[in-house]
Structure formats: structure tokens, C-alpha cells
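This note is meant for a colleague who is meeting the structure for the first time. The points below may be read alongside the sequence and the coordinates.

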Amino acid sequence: MTETLVQSIIDILGGSVGKEAIVFIISMIPILELRGALLVAGPLLGVPVAKAIPLCIIGNIIPVPFILLLITPIFNWMKGTKLFKPMVDKLESKAMSKSDKIEKYEFWGLVLFVGISMGVSIMVSQYFGSHDRENLSKTIGSSITLTALSSLLLMVCCAALIRPVLRMLDTPESIMDWCASYLFILLMGIAGVAYYNIFCGILRGLGDSLSALVYLLVATVLNIILDLWFVAGLKMGVAGVALATVIAQAISAVLCLLKLMRMKDLFDFKTQYFRLTNRHGMNIIRLGVPSGVTQAMMSMAMRVVQSL
């Protein structure tokens, strides 16, 4: 269906506007958006990637303020008509019926990924500030081991729950396999995301927040390039998109790790410090979980305010 939609747009606009304008317009269309426009730009239209990327980014951003400003008035107007009211009511009730489940998973996701990295960052900054090299090394080593165990637990436990969760969210059967394969690949590569967050927390605790931002930008660009290669070049479809994300996140984590390994004047990066100790592991959790809960509560509060 997506290929047919894209081809129809190209056929309609091909004779009246330039190739760059077609890429720009496609990037604004829901479902297709930035990635769809990038995939169209090179293989179908021959627009250079360097020229297509800024066009797609700008085109993808332009509809956002209009959607935020106009979606509520448009829905209110549609609910005032006999023709569209049943459709709008059905869409709203279906969206709200899943909101509690989505918010629950968002809550625990923030607790896990934001909280643990915040706990590590706090402990690292404390020991770094007090020049306690021994405990700083043990904290960094314990956080690496704790992240490995957490990632393994998520991979084993959550992989079996992918299809039940998708069915609970009423995912259409026509895209069930695509969604399941996408989530399975992301879960298998969850360690890359987890380690990136932990290593960023360590770098921030050591006073280097710029490196983490630079590595994130590198991963973002790499993700786009791999999307084009896997999907347009290798024809891997949804699995290619997921694999591109996993590889990009893993590379950003590796870049952070290499940066940390060059900071041996601040701490010792040796295997003897990778042993997870009760003291350091529990302190990371004790400091991290409240931070994660706070972030999650702020996110939930913003949702409540935005719904008023």
C-alpha cells in the first residue's frame, strides 16, 4: 500500500513540480514522513542524499505546529456534524482506552533508562569531586555489569511478551508480523540503548556532556544512512529499519566507551572493578530509582496539563 501511495504522488506531481519539491511534500505526509521521503529521494527520483536530508527534516517538522494547534478545533467541529461525529468518537475512545497501558509502560521505561543513568551520574560526580579513584572505578565497573544483567533480563523476559502486548493494543493482524519483528530486533539490541544511557551518565558525572551529544548526532546520521541502505538497497523492509536503529545505538555506545577508556587519568578501567558489589549496585538503584520516578511523574503531569 505504501509503495502504491508513493508512486501515485510521484505520478500526480511529477509533471508539475521538481524532484526536490516532491521529496519535500512526501516528508510532510503522515505515515511516509522523513524516512519515506529519504527512501524515495535516492532510488526513485535520483535526488542526492546530501540535498534530500535537509529537505526531509524541514518538511517533516513543518506540519507539527499546525497539527498541535488545529487538531482539537478540527475534531470539535467534526463532532458537531452528524456525518463525522461517530468516526471521531470512535477514534477518541479507542485512543483513550489504550492510554493507561501506554502510560504504564512509559513510566517504567523512564524509571529504568533515565533513573539508572541518573544514579550512576550522581555517584560518579560524588566520587570524582572527592578524588576517590577507588570508589569511582568500582562505581563505573558495577554500572557496566548491572547494565549487562538488566539488558539480558529484558531480552529474555520481554521477547516472549511481544505478541501478547501487541494483541492487547489491538494491533491489526495485517501488520502483526512486521511489528513483532521490529520489536524483537530492538529488544535483542536493547543493550546498545542501555549502555549509551549509562555511559552518557558517566560522562556527565565526569564533567563531559559535550561528547555524549556529539556521539548522539553521529548515531542519528548513521541511522539515516543505514535506513537507506537496508531498506532501499538491501530490501530488508521493517526489519532493516529496526536493525539500522540497533546498530546506530550500539555504535554510539561504543564511541562513549572508547572515550571513557581514554580517561584513565581519572579512574581505572580494569576487569577487577567489573564485579558487581552490593554497596555500589544498591547505591546506583537507590539514587537512580527516585530520579526515574520523578522524571516519570513529571511526564505524566505534563500529559494531564496538556489534556486540560
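1. A buried cysteine. Cysteine 200 has a relative accessibility of 3%, so this residue counts as buried. The model in which cysteine 200 sits is a predicted one, and the points that follow should be read with that in mind.

2. Disulfides. How many disulfides does the protein contain? The count is zero. Cysteine 200 takes part in no disulfide, and the nearest cysteine sulfur, which belongs to cysteine 256, is 4.3 Å away. Seen from the other side, cysteine 256 has its closest cysteine sulfur in cysteine 200, and the 4.3 Å between the sulfur atoms is too far for a bond, because a disulfide requires the two sulfur atoms to be within 2.5 Å. Cysteine 256 is also buried, its relative accessible area being 0%.

3. The helix pair that carries these cysteines. Helix 10 spans residues 190–205 and helix 12 spans residues 237–261; they pack at an angle of about 30°, and their axes are 8 Å apart. The crossing of helix 10 and helix 12 is left-handed. On the side of helix 10, the residues in the contact are Gly192, Val193, Tyr195, Tyr196, Phe199, Cys200, Ile202 and Leu203. Helix 12 contributes Gln249, Ala250, Ser252, Ala253, Cys256, Leu257, Lys259 and Leu260. Sorted by class, the contact of helix 10 with helix 12 comprises twelve nonpolar, three polar and one charged residues. Both cysteines discussed above, Cys200 and Cys256, are thus listed in this contact.

4. Overall architecture. The protein has 13 helices and zero strands. Along the sequence, the pattern is accordingly α-α-α-α-α-α-α-α-α-α-α-α-α. Of the 308 residues in the protein, 35% are buried. Among contacts with a separation of 6 or more, 71% are between residues 24 or more positions apart.

5. Confidence. The protein has a mean pLDDT of 75, and 73% of its residues reach 70 or more. Which elements mark the two ends of the range in mean pLDDT? Helix 12 has the highest value among the elements, 87, while helix 13 (residues 278–307) has the lowest, 61. As a rule, where pLDDT is low, the predicted coordinates should not be read in detail.

6. The loop between helix 12 and helix 13. Phenylalanine 267 is found in this loop, and so is threonine 271. Is phenylalanine 267 buried or exposed? With a relative accessibility of 1%, phenylalanine 267 counts as buried. Its contacts, leaving aside residues up to four places away in sequence, are with Arg133, Leu136, Ser137, Ile140, Leu206 and Leu260. One of these, Leu260, also belongs to the helix 12 side of the contact with helix 10. The C-alpha atoms of phenylalanine 267 and asparagine 135 are 9.0 Å apart in space, although 132 residues separate the two in sequence. Threonine 271, by contrast, is exposed, with a relative accessible area of 66%. Its C-alpha lies 7.8 Å from that of glycine 141, a residue 130 positions away in sequence.

7. The loop between helix 6 and helix 7. Histidine 131 is placed in the loop that joins helix 6 (85–129) and helix 7 (133–159). Histidine 131 is not a glycine, yet it has a positive phi of about 60°. At 73% relative accessibility, this histidine counts as exposed. A reader inspecting the backbone may wish to look at this residue.

8. Methionine 78. This residue belongs to helix 5, which covers residues 63–79. Methionine 78 has a relative accessible area of 12% and is therefore buried. Beyond residues up to four places away in sequence, methionine 78 touches Phe84, Lys85, Met87 and Val88. For the last of these, valine 88, the C-alpha distance to methionine 78 is 7.1 Å, at a sequence separation of ten residues.

9. Isoleucine 53. Helix 4 (residues 49–61) contains isoleucine 53. Its relative accessible area of 23% makes isoleucine 53 partly exposed. Isoleucine 53 and valine 221 are 168 residues apart along the chain, and their C-alpha atoms are separated by 9.6 Å.

Terms used:
Residues numbered from 1 in each chain as written. Predicted model: local features only at pLDDT ≥ 70, side-chain atom pairs only at ≥ 80, totals over all residues. Heavy atoms only, no water. Axes fitted to C-alpha atoms, helices over the stretch in contact; angles between N-to-C directions. Helix = DSSP H or I, 4+ residues; strand = E, 2+ residues; numbered from the N terminus. Left-handed = near helix turned anticlockwise from the far one by under 90°. Contact = heavy atoms within 4.5 Å. Nonpolar A, V, L, I, M, F, W, Y, C, P; charged D, E, K, R; others polar. Buried < 20%, exposed > 50% of the residue type's maximum accessible area, 1.4 Å probe, protein only. pLDDT = per-residue confidence, 0-100.
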